[in-house]
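Let's take a walk through this structure together, one meeting place at a time. Have a look at the picture first, then read on.

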Amino acid sequence: MKAALGFVGLGLMGGAIVRRLLEKGHVVTGHNRTRSRAQPLVEAGMRFAQTPRDAAEAADIVFSMVTDTQALRAIADGPGGIVAGLKPGSIYVEMSTVDADASREIADAVSRAGCVMLDAPVSGSVLTIQRGELSIMVGGPREAFERVRPLLLDIGPKVTHVGGNGLAVSMKIAVNLSIGVQMQALCESLLLAEKAGIARATALEVLMNCATASPMIKYRGPFLLAPPDPVWFNVNMMQKDLNLAVAMGQRLGVPLPSAAVSNGMFTAARGMGFAEKEMSVVFDVMARLSGVSA
Amino acid sequence: MIENQTPGVIPMANLGYVGLGLMGGAVAKRLLEKGHAVTGHNRTRSKVQWLEAAGMRFAQTPREVAEATDMVFSMVTDTKALHAIVDGPDGILAGLRPGTIYIDMSTVDAAASRALSVRVAAAGAQMLDAPVSGNHITLKQGTLAIMVGGQAEAFERARPVLLDIGPKVTRVGANGLALSMKIASNLGLAVQMLAFCEAVLLAEKSGIARSVAVEVLTNSVIASPMIKYRGPFVMTLPDEAWFNVNMMQKDMNLALAMGQQLNVPLPTTATTNEFLTAARAMGHADKDFAVIFDVLAEMAGVKR
């Protein structure tokens, strides 16, 4: 018998995961702050819950995926929150990219309620989910990890247990700093080639097929020619992750020179009015600084 | 010029190769395996006995290589080494015959390469700059990417031979532009590696085992081919550097000079280059540039 699932936070990523779980035949009760956004999922068979607590009460395993630490506290804490609704023995799988300490604090609160929390952030994009290629990192007790593993494998093929509570979000933040840095370096390469006299499309084609062409560069590279609609991962979100990395680096005593430089360019993007644009807009920042029209 | 030694199957060419180091030697070996006749020269002959054993003819000077062949390749370390093999009475230029194609695969300054192409043209021959993206392993796997700059007609003639070296051959424009493209793409190697090292140390000091962090990172969305093969070097450096700190810094310096000349700011390139300087200062100049992990680890108070 399949477990009853709950899901709180049905944005671009959360919504895509719920759609995939529904396609795999799971029963999902979901909640989103703005109900209208959940409508397509309701039409696909999802039950809507009025509060995060309702979603937790209806489920054996409850997931959440929200924007940042503050949004996580808003759905987890308080009388209408997830923690208040958890049934004994249920597992809470938290997929947001948030501060590791905040994640561990919530894990403690969940533990006091007689349940187990896992932090399970993902590496990938909406496209990666749709292609069934998402990788998921998991932190928390191994026994709970083994119980939810088959379910996580329904979401994506690469599921890795990295250690205790909070360590998966730590790993995720460490991974994500490279998204900012690699995109920044890609822009530097592209503008250098373009100003040397190589057509932008030709240079991009070479860069998307060379030794530095990561999956991220392969799917985001074309955004330098035409940004995606809707936006996948905006400048604010990218900077949130870089800020988490830089703060973590300072706390742990790990200097992060390339992350810090890249973060500065995302501050410039915000300063130039691009906060809500896809993070690849850092190309426009660099193009302006190079006297090139983007 | 290009004759069919195996009629109707593969066109074999009479090729020359000057500069048979780790990469050049591997390219020459591959050309021999594809059935081409190769005449080669290297400053130190003892280093190419393995190629002679594989059928390569040895020439005493770069000039003799050029005189004996229809298509001459070269691959050397830097602009200075390139001048040493092309200039003077024993250089490639002195031996070029009208109609010969000279393909330089070194990563050198684009302006120097362009100036050289003018002199090659004056000798009635044509030059292409054809730097590669990859390493001796990618080469052996047959997945090397080659960028080409120069005239389209010369490119079309050289193309079948270049495809025998690697499957991805792209003409990016006129003389010197393939080098510009190569220098632009190579800055990403060092920058991506520095960001990778930052991530490993951040994960490790959080309490995640280094091997687990490397495993996760080399399977994530940021895992470029370079990260997949070089990432594991933060566990154990290779005995022989694939691409040492000096070579990497040479390319970064070329990018930074190009950026200043063309007015393109390169903030992550400049930052990363400082870590290569630190690696040299700490005695790691001849190690694979993945050794920047050691520099950052030292700064983070972590043992390698």
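**Where the parts meet**

Start with one pair of side chains: K158(A) and E215(B) come together in a salt bridge, with 3.3 Å from N to O. Keep in mind that you're looking at a predicted model. That pair joins residues of chain A and chain B, and across the interface of these two chains the rule finds 2 salt bridges. Polar contacts are counted here as well: 17 residue pairs are in polar contact between chain A and chain B, both partners having pLDDT 80 or more.

Which elements of chain A give two or more residues to the side that touches chain B? On the strand side of the list you'll find β8 (135-139) and β9 (158-163). The helices are α9 (167-196), α10 (200-207), α11 (215-220), α12 (235-252), α13 (257-271) and α14 (282-289). The largest share comes from α9(A), with 19 residues. If you sort this side of chain A by class, you get 37 nonpolar, 18 polar and 4 charged residues.

Now step back and take in the whole interface. How many residues of each chain are in contact? There are 59 from chain A and 59 from chain B. People often describe how big an interface is by the accessible area lost when the parts come together. For chain A and chain B, the buried area is about 4700 Å², and carbon and sulfur atoms give 74% of it. Three residues to look for are E188(A), L192(A) and A211(A): they supply 14% of the area that chain A buries against chain B, more than any other three residues.

Next, zoom in on chain B by itself. The domain assignment splits chain B into domain 1 (2-174) and domain 2 (181-300), and the C-alpha centres of these two domains of chain B lie 29 Å apart. Their contact takes 13 residues from domain 1 and 12 residues from domain 2 of chain B.

How much area is buried between the two domains of chain B? The value is about 1100 Å², with 68% given by carbon and sulfur atoms. In domain 1, T107(B), N135(B) and M147(B) lose the most area to domain 2, together making up 38% of what that side buries. Between these two domains of chain B, the count of salt bridges is 0, while 5 residue pairs are in polar contact, both at pLDDT 80 or more. By class, the side of domain 1 of chain B that touches domain 2 has 7 nonpolar, 4 polar and 2 charged residues.

Methods:
Residues numbered from 1 in each chain as written. Chains lettered and ligands numbered in written order. Predicted model: local features only at pLDDT ≥ 70, side-chain atom pairs only at ≥ 80, totals over all residues. Heavy atoms only, no water. Contact = heavy atoms within 4.5 Å. Buried area = accessible area lost by both parts, 1.4 Å probe. Salt bridge = Lys/Arg side-chain N within 4 Å of Asp/Glu carboxyl O. Polar contact = N/O pair within 3.5 Å; in protein donor to acceptor, adjacent residues only side chain to side chain. Helix = DSSP H or I, 4+ residues; strand = E, 2+ residues; numbered from the N terminus. Nonpolar A, V, L, I, M, F, W, Y, C, P; charged D, E, K, R; others polar. Domains from an automatic or database assignment.
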